[in-house]
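Thank you for making time this morning. I would like to walk you through a structure that is new to most of us, and I will take it one part at a time.

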Amino acid sequence: MAYKDMTVLIVDDFLTMRRIVRKILRDLQFENIIEAEDGSAAVEVLSTNKIDLIVSDWNMPKMTGLELLKYVRSQESTKDLPFLMVTAEAQKENIVEAVKAKVSNYIVKPFTAAILEEKLGKIVPK
Amino acid sequence: METTLAQLGNQVIEGPDDLMGIGDCLNLLDDLEKKDGFSQPMAKRVQELRLIFKRLILEESPDRAWDWDRAQKLLSGLSNGKEDDDAEECVDEVEMEALEPAAGEDRPEISWPEDDMGAPGENADAESGAADPGNAFAEKKSSEAQDSLDNELQDPELIKEFIEESKEHLASIELNMLALETDPNDSEAINAVFRPFHSIKGVAGFLNFTEIHHLSHEVENLLDMARSNKIAVDDAIIDIVLTATDILKVMLTELEEGDNEAEKKSCSPIVAQFLERVKNFSSDSPTVGIPVRKVGAILAEHGVLDEAAVDEFAEMSKIKGQKLGETLIEEGVASTREVSKALREQRHTVESAASVRVDTRKLDNLVDMVGELVIAQSMVLQNPDVLDIKEQKFQKDSVQLNRITAELQRISMSMRMVPIKATFQKMIRLVRDLSKKEGKDVNLEMKGEDTEIDRNMVEEIYEPLVHMIRNSVDHGIELPHERTSAGKEPSGTILISAEQKGGNIVIDIRDDGKGLDVDKIRAKAIERGVISATDQLDDKAIFELIFHAGFSTRDKVTEVSGRGVGMDVVKKCVERLRGKMEVTSVLGKGSHFQLKLPLTMAIIDGMVIQVGTERFIVPTIALKESLRPKRDSYFTLQGKGEMVKVRDLLMPLVRLHTFFDEEPKYHNPWEGLLLVVNEGKKSYCLLADEIVGRQEVVIKSLGGMFRQLRGISGGAILGDGKVALIVDVKGIISTYEDSTNDGSGRRRLD
């Protein structure tokens, strides 16, 4: 599926961060982008929308990225959904935990469109 | 054991980038470890595998291809058992010494991480930077990323947003720090303080604000240590965090004023000094902050030194590039304790000048007690013996007492009141974001922002307000070209206004969008089974349907409504607050949502009614009208029970005396009094004996035991000291509906 036909869900509690990720995704020709401000909002979105890719922050109030990942993997309809975890350099070590919870891949802040594209290449067949 | 090994053997990892495959494998390794027969040689293989996987995951392999190759060998060794040549080799190797790589083989020089493997959560150590070999590598990578990011994201709009949002988050920090001051182990509060720094750091990284990034990063580290209980939250940490917040605020303001370049220069002295302080942090270190007000003046006030000396040392500290406090300590003029005391005072004076922060529970108690006082007063003054006192002096004094308690009540209530402005202002941003997202042009106008509302209510109304504004932007305002072709201005307007009316606050949200389409809503409601095709509903009742759970007139779920929370949530919220909600709309012209909420949750405006020997309180907000019907407007309908006809509308009659099991004064509705209430789509008449009066009462909850009681939402003490129960209209109606349902089997016309 071409990027422009995919629906991406950005999950981050920080609005500016969502804007940035959105901008970078747009640079990669993504057109359908939905935002959620934490894991539980993302769960709501998932229940009503067909999502092809999740780009989620780790550290969020209410429901963290890891909890969201576990939820996504536990649901029949989303268990294979490409899930890209955004993490900070300092918290990178935690990624092993996310890998055990079957994260598709992760990306360290800050990143460029090129880095994101490279990561996406590993998890979504273009 | 065998099956786990077999699973491990069958586990396909497509390559070093296949994290999901690696994840499965790691989980299997965890399983394996728990099985019986897990041998020492196996343990070593598992240990090495974990280490290699971790390096592959974190992209910290010195030689990725080698690591990948090795992992595959180890895996097959594990699943095939010892016979495998490679496995033997592996055991020998590993046995050499705590995973020290064997010399010789064509393997690059690598340094193995020293910490235990794969233990998640052990991240704080790595954050100090130098300890982790992967860090230098990664940092280089991110600085490369930085260069290209620089051009991509220098969007003034984005920067503006960042500044605004960061400031908002910083404002929340102070409050949470206060919570930490009272309970240093409040992990939720630590998290709430940690998160903004973390987010600000993240975005600053993208936007290449090195100083902000650096500063927030250091504080984040510190808080992370506190979070993992490595250090205790004490005054020193609180000081650091607050100072960092202040510095960040200043930096953000500078950014806002367009001083973009200043930020990018290498660390300014203030930040450098601060970072130094964080680095040297220990609980005993002197707390030297960044003065906002003059520390010297405070010290002079304390009599530590005179003002002339303050000036002198201030000069000296400037030359040295130090803070005054530091110079004073260094010169031995003031002790660390004195300086830190002055600094703390400095911080507090800022707050006390404008306001004092008080725990809301104390405030609630005060309001509660004042409520009791008012009641106690009227109990005394209405005592028959006291009423008999005709002495003039007494009469005058009791009027005075009344005045004072009334004023006291007003003041104590007002202490919990805050202007609704802040809540309204949050909508500006929301509208801007939403309209941009949807390509609409929307103006948000506000009126009556200074209207005050109970602090507890402010938080409660935020969410319904957001949903209604979202709804207006999403469903109400049309796209510019649609508006132009409808003969309207291309830009739509949403007006939110607040006003105090009696004991209520009325919030109106008006938009000049396309309005609600009665036919469409009706059709949808029938389709969704909310109503049946034969139901006769007036326009108003149809508008009400949009508050029905799961109702949406839009087929396509947009990003906005995709949040999955509809107007039904708004309604529930409003009901919980004992409020009312009304919609009016003209198709093509716009919609008008009105929220009517009590000013406070602590007091309600109630109608005191008499039913038999008991008095009850009906919240005035629930009442539409009260009337005494004519004899011929009362009749009984087959299968529907008793009805009263009020202006051509049939309303079910609900006998309160039956509900409360009282012997009423009047059995006939034309003798008693009917209270008309709206519930759901219908109106009902509640039969009472008479209305005693209208009164503001302080709500007392009934306590845990009675929480489940239907039809009663609380109690209140009346003027004469007797207790009256507060009627929960919704509960009574639903009980009534349930019983008529059971009794007649048929309730609705269909």
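**Helix packing in chain B**

Let me begin with H10(B) and helix H13 (residues 269–279) of chain B, which pack at an angle of about 20° with their axes 10 Å apart. Because angles under 35 degrees count as roughly parallel, H10(B) is roughly parallel to H13(B). The crossing of H10(B) and H13(B) is left-handed. On the H10(B) side, the residues that take part are Glu211(B), His214(B), Leu215(B), Glu218(B) and Leu222(B), and they meet Val271(B), Phe274(B), Leu275(B) and Val278(B) in H13(B). Sorted by class, the contact of H10(B) with H13(B) has six nonpolar residues, one polar and two charged. I should say at this point that what you are looking at is a predicted model.

H10(B), which covers residues 210–227, also packs against helix H9 (residues 187–207) of chain B, and here the two axes come within 8 Å and cross at roughly 150°. Since angles over 145 degrees count as roughly antiparallel, that makes H9(B) roughly antiparallel to H10(B). This crossing of H9(B) and H10(B) is left-handed. The contact has ten nonpolar, six polar and four charged residues. Among the residues of H9(B) that take part are Ile190(B), Phe194(B), Phe197(B) and Ala204(B), while those of H10(B) include Ile212(B), Val219(B), Leu223(B) and Ala226(B).

How many of the 18 residues of H10(B) are buried? The count is 14, so that this helix is mostly covered, a residue being called buried if 20 or more other C-beta atoms lie within 10 Å of its own. As for its length, 18 residues at 1.5 Å a residue should span 26 Å, and the end C-alpha atoms of H10(B) are 25 Å apart, which agrees. After H10(B) comes Asn229(B), whose phi is positive, near 60°.

**Another helix of chain B**

Helix H3 (residues 40–57) of chain B passes the length check as well, with an expected span of 26 Å for its 18 residues and end C-alpha atoms that are 25 Å apart. Its buried residues include Met42(B), Val46(B), Leu49(B), Ile52(B) and Phe53(B), but also charged ones such as Arg45(B), Glu48(B) and Lys54(B). Just after H3(B), Glu59(B) takes a positive phi of about 55°.

**The two chains as wholes**

Stepping back, chain B contains 28 helices and 18 strands, and of its 750 residues, 32% count as buried. Chain A has five helices and five strands, which from the N terminus on run β-α-β-α-β-α-β-α-β-α. Of the 126 residues in chain A, 57% are buried. If we take the contacts with a separation of 6 or more, residues 24 or more positions apart account for 60% of them in chain A and for 65% of them in chain B.

**One residue of chain A**

I will finish with Asp13(A), which is found in the loop between strand S1 (7–11) and helix H1 (15–27) of chain A. Is Asp13(A) buried or exposed? It counts as buried, because it has 22 C-beta neighbours inside 10 Å. Its C-alpha atom and that of Asp57(A), 44 residues apart along the chain, are separated by 8.0 Å. Leaving aside its neighbours within four places in sequence, Asp13(A) is in contact with Glu37(A), Asp38(A), Asp57(A), Met60(A) and Pro61(A), and also with Ser199(B) of the other chain.

Key. Residues are numbered from 1 along each chain as its sequence is written. Chains are lettered from A and ligands numbered from 1 in the order in which they are written. This is a predicted model: local features need pLDDT of at least 70, side-chain atom pairs count only at pLDDT 80 or more; totals for chains, interfaces and linings use all residues. Axes are lines fitted to C-alpha atoms, for helices over the stretch in contact, and angles run from 0 to 180 degrees between N-to-C directions. Helices (H or I, at least four residues) and strands (E, at least two) are DSSP runs, numbered from the N terminus. Angles under 35 degrees count as roughly parallel, over 145 as roughly antiparallel, 65 to 115 as roughly perpendicular and the rest as oblique. A crossing is left-handed if the near helix is turned anticlockwise from the far one by less than a right angle, and right-handed if clockwise. Two residues are in contact if their C-beta atoms, placed from the backbone, lie within 7 Å. A residue is buried if 20 or more other C-beta atoms lie within 10 Å of its own, exposed if 12 or fewer, and partly exposed in between; C-beta atoms are placed from the backbone. The expected span of a helix is 1.5 Å times one less than its number of residues.
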